[in-house]
Amino acid sequence: MPAMKLAGNFFLVGLMGAGKTTVGRALARRAGKTFYDSDHEIEARTGVRVATIFEIEGEERFRDRETSVIGDLVKLNDIVLATGGGAVLRQENRQLLRRHGTVIYLRAPIDDLLARTLHDKNRPLLQTADPRAKLEALFNERDPLYREVADLVIDTSQQNVNQLIIDLEHALADHLNGRAG
């Protein structure tokens, strides 16, 4: 099936492990847009991993860097941006995302998120004795914020990325054409 030509920027939000980077890359490729990942941009600008920034500077300073990067990226045209899972914590970020593009909340069950992130040592918030409890707490805190900012909510629990992208393209086309998404 040929890709649809979809106008504008698309911003992906959701918890770690929801598929923002995987889905974002595939969506950008099919839609002929440039893909960015805000965490990767922070790492490129600082020369260190996100986990190192968390360790040395703390979460608040990391969030400052994240807001700066998001502020720069949303001004670009024809992009797909995968944001960090906590980007929605700041109202400024939610406003930037809403103002400059279509926001897509990629949502997955806790079991899926845990399975996808369990062995990833680059998830500083999950370096805890009980990663499931931490994911559940993060979900409970952030789900309302993801829903607040999102134009579309997409379930990523299905594993077939290609079908997920086709479904997402149709949902985006409906949304952009003023139909319920």
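Let's start with Thr67 and its neighbours. Setting aside residues within four places in sequence, Thr67 is in contact with Arg90, Glu92, Asn93 and Leu96. One of these partners, Asn93, also makes a polar contact: its side chain and the side chain of Thr67 come to 3.1 Å. Thr67 sits in helix α4, residues 59–73. Is Thr67 buried or exposed? It counts as buried, at 8% relative accessibility. Keep in mind that this is a predicted model.

Asn93 takes us to the next helix. Helix α5 covers residues 91–100. It lies across β1, β3 and β4, and runs at about 145 degrees to β1. Look at Leu97. Not counting residues up to four places away in sequence, Leu97 touches Phe11, Val13, Ile70, Val74, Leu81, Thr83, Val103 and Val149. Leu97 also matters for the core count. The largest nonpolar core has 53 residues, and Val13, Leu97, Ile104 and Leu172 touch the most other members. In soluble globular proteins, nonpolar side chains tend to be buried together.

Now step back to the whole chain. How many helices and strands does the chain have? Eight helices and five strands. In sequence order the pattern reads β-α-β-α-α-α-β-α-β-α-α-β-α. The chain has 181 residues, and 46% of them count as buried. Take the contacts between residues at least 6 apart in sequence: 74% of those join residues at least 24 apart.

On to the sheet. The five strands form an open sheet, in the order β2-β3-β1-β4-β5, with parallel pairing. Which strands stand at the edges? They are β2, residues 34–37, and β5. Each has a single partner strand, so one side of each has no neighbour in the sheet. From one strand to the next, the twist averages 20 degrees.

A helix packs on this sheet too. That is α1, which touches β1, β2, β3 and β4. Its direction makes about 165 degrees with that of β2. Within α1 we find Gly24. Gly24 is buried, with a relative accessible area of 0%. Beyond its neighbours within four places in sequence, Gly24 is in contact with Leu12, Gly19, Phe35 and Val80. And Asp37? Gly24 and Asp37 are 13 residues apart in sequence, and their C-alpha atoms are 8.4 Å apart in space.

Next, the strand pairs, taking β3 as our base. β3 runs from 79 to 82. Three bridges join it to β1, and the two run parallel. Phe10 has Val80 as its bridge partner. Phe11 stands opposite Leu81. With β2, β3 pairs in the parallel sense over four bridges. There, the partner of Asp37 is Ala82. What about the two faces of β3? Both are covered. Ile79 and Leu81 are on one side, Val80 and Ala82 on the other, and all are buried.

Now the other end of the sheet. Strand β4, residues 102–107, pairs with β5 in the parallel sense over four bridges. Arg107 is opposite Asp155 in β5. Which side chains of β5 are buried? Leu152 and Ile154, which point to one face. Val153 and Asp155 point to the other face and are not buried. So the side chains alternate along residues 152–155.

Last stop, helix α8. It spans residues 161–176, 16 residues in total. From first C-alpha to last it reaches 22 Å, close to the 22 Å expected at 1.5 Å a residue. At its start, a side-chain oxygen of Asn160 comes to within 3.0 Å of the backbone nitrogen of Asn162. After the helix comes Gly178, with a positive phi near 85 degrees.

Which residues of α8 are buried? Leu164, Ile165, Ile166, Leu168, Glu169, Ala171, Leu172 and Ala173. An α-helix has 3.6 residues a turn, so residues three or four places apart point the same way. What covers the buried residues of α8? The cover includes β1, α1, β4 and β5. And Leu172, buried in α8, is one of the residues that touch the most other members of the largest nonpolar core. That brings us back to the core, where Leu97 appeared earlier.

Key
Residues numbered from 1 in each chain as written. Predicted model: local features only at pLDDT ≥ 70, side-chain atom pairs only at ≥ 80, totals over all residues. Heavy atoms only, no water. Buried < 20%, exposed > 50% of the residue type's maximum accessible area, 1.4 Å probe, protein only. Pairing = 2+ DSSP bridges. Expected span 1.5 Å × (residues − 1). Contact = heavy atoms within 4.5 Å. Polar contact = N/O pair within 3.5 Å; in protein donor to acceptor, adjacent residues only side chain to side chain. Axes fitted to C-alpha atoms, helices over the stretch in contact; angles between N-to-C directions. Core = buried A, V, L, I, M, F, W, Y, C linked by side-chain atoms within 4.5 Å.
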